[in-house]
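This report looks at how two chains of a protein model sit against each other. The model is shown first, and the account of the interface follows.

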2 protein chains.
Amino acid sequence: MSYLIWIPISVGFLAVLFAAYLASYVLGRDTGTHAMQKVADAIFKGAMAFLSRQYQTIALLSIFAALLVATVLYFLSQGGQDQRVSLAWHTALAFLIGAACSGIAGYIGMYVAVKSNSRTASAATRSLGEALMVSLRGGAVSGFLVVALSLLGVSLLFTAFGGLTRPDLAPNLIVGFGFGASFVALFAQLGGGIYTKAADVGADLVGKIEANIPEDDPRNPAVIADLVGDNVGDCAGRGADLFESTAAENIGAMILGVGLYLATRDLGWILFPLVVRAFGLIASALGLLWVRPSVVVEPDKAAGRDPGEIAMQQLNIGYWITCALSVIGVFAGSYLLLNSPTVTGNYGIPAWIWFGLAGTVGILLSVTFVYITQYYTAGTWRPVREIAAATLTGPATTIITGIALAFECTALPVLAICGALGLSFFLGSQVHFPTIAGMVQVVSFGGIFGTAVATMGMLMSCAYILAMDTFGPITDNAGGITEMSGQAESVRDITDALDGLGNTTKALTKGYGIGSAALAAFLLFSAYLDVLFAYKKTSDVYRVDLADISVFIASLIGLTLIFFFSSLAIRAVGAAAKRMIEEVRRQFRDTPKIMAERVEDRVDPDYARCVDISTRGALRAMILPGIVAVLTPVAVGVLLGPQAEAGLLMVATMGGIVLAVFLNNGGGAWDNAKKYIEAGYLRVDHDGKMLDRLDTSGTVLGKKSEPHKASVIGDTVGDPFKDTAGPSLHVLIKLLSTITLVLAPLYVFLHP
Amino acid sequence: MSYLIWIPISVGFLAVLFAAYLASYVLGRDTGTHAMQKVADAIFKGAMAFLSRQYQTIALLSIFAALLVATVLYFLSQGGQDQRVSLAWHTALAFLIGAACSGIAGYIGMYVAVKSNSRTASAATRSLGEALMVSLRGGAVSGFLVVALSLLGVSLLFTAFGGLTRPDLAPNLIVGFGFGASFVALFAQLGGGIYTKAADVGADLVGKIEANIPEDDPRNPAVIADLVGDNVGDCAGRGADLFESTAAENIGAMILGVGLYLATRDLGWILFPLVVRAFGLIASALGLLWVRPSVVVEPDKAAGRDPGEIAMQQLNIGYWITCALSVIGVFAGSYLLLNSPTVTGNYGIPAWIWFGLAGTVGILLSVTFVYITQYYTAGTWRPVREIAAATLTGPATTIITGIALAFECTALPVLAICGALGLSFFLGSQVHFPTIAGMVQVVSFGGIFGTAVATMGMLMSCAYILAMDTFGPITDNAGGITEMSGQAESVRDITDALDGLGNTTKALTKGYGIGSAALAAFLLFSAYLDVLFAYKKTSDVYRVDLADISVFIASLIGLTLIFFFSSLAIRAVGAAAKRMIEEVRRQFRDTPKIMAERVEDRVDPDYARCVDISTRGALRAMILPGIVAVLTPVAVGVLLGPQAEAGLLMVATMGGIVLAVFLNNGGGAWDNAKKYIEAGYLRVDHDGKMLDRLDTSGTVLGKKSEPHKASVIGDTVGDPFKDTAGPSLHVLIKLLSTITLVLAPLYVFLHP
C-alpha cells in the first residue's frame, strides 16, 4: 500500500508545474500602455516591499518560536533523552519547513498576482473573455501553489520522518509543519488585513471625503497603498489561511488515521487524506481549465444582460465541475485505500461507500456555504436591501440594522455545519473496526473519521476557490490601473464587470474559509485527544467534561479570547490608519500642487511614503494580537492541564466560527448595501418609502445623497470587520489547534 | 434543624413590611405643583397601562405554558402514574406561583416607583438630600419586594410541598417556581426593553433631530412614552430579572443541598441558601438606612465639588456596609447550618469557615464587577475618552472604536468570574463529605457547593442593588418632570445631579446582573446534573463531554442561539420604533399648532397615542424572540438528549455572559461618551488633537458640534444594545437553566 504515497507526491509536483504553466501564460501577455505599466510598477514595488519586510519579521519570529518549541519539548516532555531529542528536532524542523513553504507559496503567488493586474487591464482593452482568463489564471497560480506545496510538504516530511516504516509515529512528528503554517498565516493575515484597511481608510477618509476626489484618483497619495493593500490582504493573507487549513487538516486526519492503522495494520487510512487532496487538485485543475474565453459573453453582445453575472455563472459552472469530479475522486480514493478486509459496514455496504458518502457531505457543505454567503451579502436578497432601506433614516439605523443582520446570519451557517458534522459522523459510524488492545472505544472512530473525510471533501476544491479569491484583488487592481491610466469608457465597463465579480468571489471564499475551518476544527480536536491518548494510555483523555470546573473556566477564557483578539485586530487597524490619515493630510497641506486646478500644473503625490507608512504601521500593529493569540492557549494549557486546554480549544473554535461569520457577513452586507445604492437601485416614492429594486417609478437616491453617506459610514465600519478581524479569526482557530497539538507533550508532562 | 425555616419566612415577611414602610414614606410626601402632577399623571397612566396589558399577555402565555408543561410531564416522564401526576401538578402550580410572585413584585414596585418621581421632583425644589431620600426609598420598595417575595415563595412552597419531612424530594418539585419566574422575566425584560428604546428612538430621531427641539420638551409627542419607557425597561424589567436570579439561585442551591443532605442527614445544607438570603435582606436594609439626608452635601455647600459625586460616594458607603454585613451574615449562616459532625475540613479548619470564605469570594466579586463596569463606562477613564476622541474623525470611527472597546471589555469581567469560580471551588473542595451509597463521587461536591455559596454571597446585596437600579428611572423621570413643568435652574441642577447618579447606578446594576447570572449558571448546571442523576442513577450523567458529537453540536447551537436571539431583540426595537417614528411625524404634520411660534398658541400633542403605539408595538415584538428562546433548548433536548442539552446550556451561558458584557458596556460607553461631550470635556488644540479632560486651554467641542453629532449616532446604536438585547440575555441564560431543570424528566424519558 505504501507505493500510493507516490500519488500525492507526483500530483503535487505536477500541480507545481501546472502553476508554472499558468504563470508563464500570464507573464507572457503584454503589459499594456506605458501609463498602465507606471501604475502597475508602483503597486508591484509596494506589494513586494511590504511582503519582504513582513516575511523578514515573520522569519525572525518563526526562528525564535522554533527554538522555543524545541527547548520546551526537550526539557519538558516525557520519555528518555533520545526520545525527547528526536521529538524536539523533528518538531522544530517541521515547523520551519511549514513556515517556509507557506512563505514561498505566498511570495510566488503574490508575485504573479501583482504582475497579472496590468496584463488584465491591457487584456480588457481587447475583450472581457481575455481579461477574465488572465486574471483568473493569475489568481490560480497562487491557488495551486498553496495546495501543492502543502501537499508536497506533508507527503515528503511524512516519508522523510520514516512514515513508511513506522507510520504510527510519523504523524506526531510532523505536527510542527501545521503549527509553522499557522504561525505564518496568523501574522500574514493580521499584517495584510491591517495594511489593507489602514490604507483604505486613509484613502477614503481624507481623499474621498475631505478632499472630495473620486475613488482611485491619481491625486490621492494613498491610492497606491490602497491598491497594494488589496493584494497583501486578500491574496497573501487568504493564501496563508488556506495553506494552513490544508496542512492542518491533512496532519490531523493522518493522526486519526494512525488509530485506524493500528486496528487494521493497513497504511491506507493514513495515506488517504493525502491521496484525496491530490485528487482534489486534479478536479480543481479541470474545473479551472473549463473557464475559457469562448464561454463568456462580451458586453456588446450581452443583449441587456449583465455580462458580469454571465461570467459569474461560468465561474460557478467551473466550480460545479470541480465539485462533481471531487465526488468521484473521494469515492475513488475510498475504494483504493479504505478497503481493509477486517473493516465492516452496516447493512452489508462496504466501508468505502460510507466514507465516500461522508466526503460527499463535505463537498455539499462547501456548496451550501457559498449560497448562504451569497444570500446574506448580495444585493438581490433581503438582507442587503434591509440595510439599504435603513440608510433612509440615517447612519445610526444603518449600523443597527447591519449589526442585527450580522447577528442573525450566524444561524444558517452554523446549522449547516452542525448538519454536516452530524451526518458525516453518522455515515462514518456505520463502519466498524476491529478493537485495538488497550484502547477502550469510548468514541466511535468510524464516526470521527467520517467527519474527517467530510473535511477532506470540502477542502478538495481549495485550489479552485483560492483562484477565485485571488482573482478578486487582481481585477480590483486592474480596475484601478484602468482608471488611473485614463482608459476609454468601454474598457472601464469590462474592468467594472470583473471588479463586481471579484467582490462576489471574495465574499464566497471567506464563507468557504470559515466553513472549512469549522469542519477541520472538529477533526483537529479529535486528533489532539488521540495524541493525549498516545501519551497517557487512558481513555479518560477522550472526555472533555464541561462539568469539570477547570474545563469550564478554560472554555470561558477561550471564548473571551476570541472577543479580545477581535478587539485587538480592529484597534490595530485604527492605530495604523491614524498614521496614514495624518500623512495624507500632510501631503495635501505641504504640496498644494497635487490638487492644482489644471492637470498640467499637477505634481504626483509621494505614493511611496504612504506605502512605507502603511507597511511599518501594519507590521508594528500585528505583533500584539499575534502574541496574545499564541500565549493565551499556552498559558491555559500550562496552568490548567491538557483536558482544560481541549475545552478552550473547542469553545474558542465555536466562538471563532460564530464571530467570524458575524464579522465577515456583516461587513460584506454593509459593503454591498453601499454598492446597491451606488448602482442606483435605491428608489423611494413621494412618501420617502423604499421601492422594490425592479420598480423604476420613484426617485433614485444615488451617490452623494444622504442615504449614500450613511451607507459609506456602514461600509467603513464593516471594513475592519470583514477584512481584518474576521479573516484573522479563521486563522486563529486553526492556530489554537496546531499549537495545542504541538505542545501536547508539555501539558501532559506538567499534568501527568 | 427544621425550625430554621422560620428565619427566611419571618425575615421575608419583615422585608415585605419594610417595603410597605418605605412605600408609605414615599407616598406620604407632597406631589409637587399642579404642572408637575400633570406630567406625572401622564407617566403614571402610561406606565400602568403598559404594565397591565403586558401582564395580561404574559398571564395568558404563562397559563398556556403551565398546562403544556403539566401535560408533557404527565405523559412523557418516567415512574408510576401517581408519581407523574404529582410531578405534573406540583410543577405547574409552582410555575404559576413563581410567575404570579414575579408579576406582583414588578407591579407594586413599579407603582411606587412611578409615584415617586413627582415627589422626587417636588423634593428637589427643597434640597438634594430630600430628593435623594425619596428617590432611593421609592426604588427600594421594588428592591425589597422582589427579594422578599422570591424568598417567601421558595420557603413556603418548600414547606408546603413537604420539604421538612422529605427534604430530598421537595426541591425537585419547586423548580417550576424558578421557571415561572424566568418565563415572566423574559417577557417583562424583552417587552420593557423594546418599549423603552422604541420610544426613545422615536423621541430622539424625530423630535431632537428632525424638529430640532431639546430633550424632554413638552412639544415632543413621544416625550411621555419616553419617560414611561425608562420605568418599564429599567424598573420592571430589571426587577423581574433579579427576581429570577434569586429564585433560580435558591432552588439550584437547594437541589445541590439535597446531595449533601443525603450524605449527612442534616437539613442545614438545604436550608442554608434561604437563611443566607434572609441575612442578605437584613444587611441590605441596614445599608439602605445608612443613606440619609444628613450625609449628603447640598449643591450650594459643595465648594466646587460635584454634589452628584459626593452623593455617589454615600451610596457606595451604603453598599460597602451591606457587603461588610453580608460577610458577617454568610459566616454566621455557615456556622449555624453547615456544621454537620461528619463533615471535615482540611488543615483542621471546620467546614463553615471554608464555606464562609467561599461566600466572601462571591461578595468580593460583586464589588469587583461594580468597579470594572465603572472603568469601562465612566468618563473619567480611558475607554470613554477613547470614544470621545474617535468622534473627532466622524461617526464611522466612533462606531469602530466603540465596538473594539466592547470586544475588549469582555476580558476583565470574565477573568473575574473565572477567578471567583476557581477560588470558591477550591475553598469548597477543602471540605469532605461522607460518601453516599450508590453515588460515585466524580465531582467534588464540596467544590461545587463552594461555588454555590459564592453565588449566594454575591446575591446577598441584591435588594440594595435593585434599589440603586430603580433609583435610576425615578431620577430620570424627576428630571423630565422638572424640565416639562418649567422649574428654576437650581432645581434642575439638583435633578441633573441625581440623573447623572442614576445613570451610573443603572450601569453598575447591569454589571451586577450579568455577574450574578454567570455565577448562578454554574450552580444551575450542577443542579441539573444532580437532577439527571436522581433519574438515571449513573455517574455518567456528570459528564458533559464536548468530544461527544451531539454535545458539540448542541453547544454550537447554544452559542448561536445567543447571537440569533440578540438579533431578534435588536430588530424588535427597530420594528417598534418605526411605528413610533411614523406616528410622531404624523402628529407634527397634521397638528402644526404643536410647534406654534408663541407658547400661548401651542396645543399639547397626543401623548397617549404614542404611549399606545409603543405599548402595542413592544408587546407584538416581544413574542418572536421569546418563543425562539423557549423552543430552541426544548428542541435540542428532545432531539439530542439530556447530556447534549447540558452542553447547550453551558456554552450558551458562556456566550450569553460574554455577549451581554459586550452589549451592555459598549452601549454604556457610547452613552457616556456623548455625555462627556455634552458636559464640555471634549477640547482640542489648534491641530485638532484632543486635550486631557482637565486641560482647559483648547477649544471646547460641545453640543451641536460635529463630534457631538457623531456621539449621538454612537449613543443611538448603543441604545438597543444596552437596554434591550444585553439585559434580555441575562434573563435568557437563566431561562435556559430553569427550563432545562423543569423539563429534565422529559429528556430522560426520551433518551433513557
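## Salt bridges and polar contacts

Four salt bridges are found by the rule across the interface of chain B and chain A, a salt bridge being a side-chain nitrogen of Lys or Arg within 4 Å of a carboxyl oxygen of Asp or Glu. One of the salt bridges joins the side chains of A:Arg571 and B:Glu386, with 2.2 Å from N to O. Across this interface there are also ten residue pairs in polar contact, both residues being at pLDDT 80 or more; a polar contact is a pair of N or O atoms within 3.5 Å, where within protein one must be able to donate a hydrogen and the other to accept it, and residues adjacent in sequence count only if both atoms are side-chain atoms.

## Basis of the values

The model is predicted, and local features need pLDDT of at least 70, side-chain atom pairs count only at pLDDT 80 or more, and totals for chains, interfaces and linings use all residues. Residues are numbered from 1 along each chain as its sequence is written, chains are lettered from A and ligands numbered from 1 in the order in which they are written, and side-chain values use heavy atoms, with hydrogens and water left out.

## Extent of the interface

In chain B, 62 residues are in contact (heavy atoms within 4.5 Å) with 62 residues of chain A. The two chains bury about 5,800 Å² between them, 83% of it on carbon and sulfur atoms, where buried area is the accessible area (1.4 Å probe) that two parts lose on being put together, summed over both. On the chain B side, B:Phe407, B:Phe563 and B:Met654 lose the most area to chain A, and together they make up 13% of what that side buries.

## Relation of the two copies

A turn of 180° with a shift of 0.0 Å along the axis lays chain B on chain A with an RMSD of 0.0 Å, the superposition being by least squares on the C-alpha atoms of residues with pLDDT of at least 70 in both. The two copies are therefore related as by a two-fold rotation axis. Among the residues of chain B, B:Asp545 comes closest to the rotation axis, with its C-alpha at 2.2 Å. Because 100% of the interface residues of chain B are also interface residues in chain A, the copies meet through the same surface.
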